[in-house]
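Let's take a quick walk through this one, stopping at a helix, two loop residues and a pocket. Have the model open as you read.

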Amino acid sequence: MTSILTRTLRNLPLTSTWATKFPLRSLTTSQPLTSAVQTQSKKTLTKPNVKNIVVVDGVRIPFLLSGTTYKDLMPHDLARAALKGLLHRTNIPKDSVDYIVYGTVIQEVKTSNVAREAALGAGFSDKIPAHTVTMACISSNQAMTTGFGLIASGQYDVVVAGGVELMSDVPIRHSRKMRKLMLELNKAKTLGQRLSVASKFRLNFLAPELPAVAEFSTSETMGHSADRLAAAFSVSRKEQDEYALRSHSLAKQAQEQGLLTDVIAFKVPGKDTVTKDNGIRPSSLEQMAKLKPAFIKPYGTVTAANSSFLTDGASAMLIMSEEKALALGYKPKAYLRDFVYVSQDPKDQLLLGPTYATPKVLEKAGLTLKDIDVFEFHEAFSGQILANFKAMDSDWFAQNYMGRKSKIGAPPLEKFNTWGGSLSLGHPFGATGCRLVMAAANRLRKDGGQYGLVAACAAGGQGHAMIVEAYPK
């Protein structure tokens, strides 16, 4: 069925189409790739009688294309490496940590509480509780805010939050009929009972159940939804390819200039030491234009080149109350401030989380879009990012879909994902949130900005946004 959003947009007068009314700014990479943030001193978001929560530091192992160097490992191996890297980076005494929270999406059944297994493997005390959360692509965002809540409520002072995903070895199940047969066979007591159960076997029982990146409620893949969203907002194939090229070019530049300081080296058992992300591959618009649509064929606009790729990786962050951090002698990198979670229709607005979350978190913090010096949005697809830009810059969308009087406005590109994003750096589902926050914190620190805004969409039509404030130098 044609989506309500698409149908509504198509029925608009030609003079009011998204493409003509809200044209995108040029994304050509012939323009300067970076621009220093020019800021003025602003008010701090410190609130009276409310604990300040700070990020001391954060790390991630290199994000790698699935099926490459990490393919023989397990998720807890990656998470353990990130935790060890955090210990080395911060020199935090292991017994000073009160709690550990990790996010993941596709769980390995042997280590369903991957936070606990990784913590034990990294040498943390077995007296430190740990649990695992899942919220699709914002799972490590949920891990962070869970830690935030534990500290803000006074339960703990020091929390490690992170996320992990290993797409190289996702669980592949037997069919339900085969599983049922095997369970019945296991319960059979006599030879006659076993033979009776075995007689029910059919060859098609052996067909495996492969995991799919699809919505359970709609049975639609995220890529298919991204293609429909791009069409609804009149985002062209060329615009999507230009944005993807921008992401890869900026990531390559940041990598070569040594700006991705959250990345730590990881000696993979039995293999070489990995030191950098391997999915950053600037191409050309001509080469990208040759690719065929990946989801809606033959007329779709979402391709492998303008989509994030399946990624293996893990991240970890050290979060504390400001009082505790200073008592331990740390100089934090940033404050974690207001945050929100949002949910909307998973059919027609699956990937519009940033559009809904951004105005809410700005209002909660008492800020405007102009106050933000650094934007770090998760890039699931080029079309998703550009559709969000158009939605955010539309009074009509704000009034008809969000119940708001006016638009919030689109983030200026000179402040947006200037060190690359998920399209180029990679997107391990459970680990990206921590990368976004650390990118915002490190960019603020380098450029002298004060406020960063992190936002992401997620499966289920959910989304997240958070304000990050630079810690005074």
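What follows is a short tour of a predicted model.

## Helix α4 and what sits on it

Start with α4, which runs over residues 114-121 and has four buried residues: Val114, Ala115, Ala118 and Ala119. They all lie on the same side of α4, because the arc they cover around the axis is only 130°. That fits the usual helix geometry: with 3.6 residues a turn, residues three or four places apart point the same way.

So what covers the buried residues of α4? The cover includes one helix, α3 (75-90), along with the strands β3 (99-103), β4 (130-133) and β5 (158-165). After α4 comes Gly123, and its phi is positive, near 95°.

## Thr301, tucked into a loop

Next, head for the loop between α10 (285-289) and β8 (311-321), where you'll find Thr301. Is Thr301 buried or exposed? It counts as buried, since its relative accessibility is 17% and the cut-off for buried is under 20%.

Beyond its neighbours within four places in sequence, Thr301 has contacts with Asp227, Ala230, Val235, Arg237, Gln240 and Asn306. With Gln240 there's a polar contact too, side chain to side chain, at 2.8 Å. For a sense of scale, try Phe266: it is 35 residues from Thr301 in sequence, and the two C-alpha atoms are 36 Å apart.

## The largest pocket

Now for the largest pocket, which holds about 1400 Å³ of space. It is lined by 46 residues, and those closest to its centre are Met167, Ala212, Val213, Leu310 and Phe429.

Which classes make up the lining of the largest pocket? There are 30 nonpolar residues, 12 polar ones and 4 charged ones. Two helices worth picking out here are α8 (222-232) and α9 (237-256), each giving at least two residues to the lining.

## Asn417, another buried loop residue

Last stop: Asn417, in the loop between α14 (395-401) and α15 (422-425). Its relative accessible area is 1%, so Asn417 is buried.

What does Asn417 touch, once residues up to four places away in sequence are set aside? One group of partners is Tyr243, Arg246 and Leu250. Another is Phe375, Glu376, Phe377 and Glu379, and Arg443 completes the list. Tyr243, Arg246 and Leu250 fall within the range of α9 (237-256), a helix that also helps line the largest pocket.

Technical notes: Residues are numbered from 1 along each chain as its sequence is written. This is a predicted model: local features need pLDDT of at least 70, side-chain atom pairs count only at pLDDT 80 or more; totals for chains, interfaces and linings use all residues. Side-chain values use heavy atoms; hydrogens and water are left out. Buried means under 20% relative accessible area, exposed over 50%, partly exposed in between (1.4 Å probe, protein chains only). The arc is that of the directions from the helix axis to the C-beta atoms. Contact means heavy atoms within 4.5 Å. A polar contact is a pair of N or O atoms within 3.5 Å; within protein, one must be able to donate a hydrogen and the other to accept it, and residues adjacent in sequence count only if both atoms are side-chain atoms. On a 1 Å grid over the protein atoms alone, a cavity is a set of points where a 1.4 Å probe fits but cannot get out, and a pocket is an open set with protein on both sides within 12 Å along at least five of seven lines; lining residues have an atom within 4 Å of a point. Grid points are joined across faces, edges and corners, and a volume is the space filled by probe spheres set on the points. Ala, Val, Leu, Ile, Met, Phe, Trp, Tyr, Cys and Pro count as nonpolar, Asp, Glu, Lys and Arg as charged, and the others, Gly among them, as polar.
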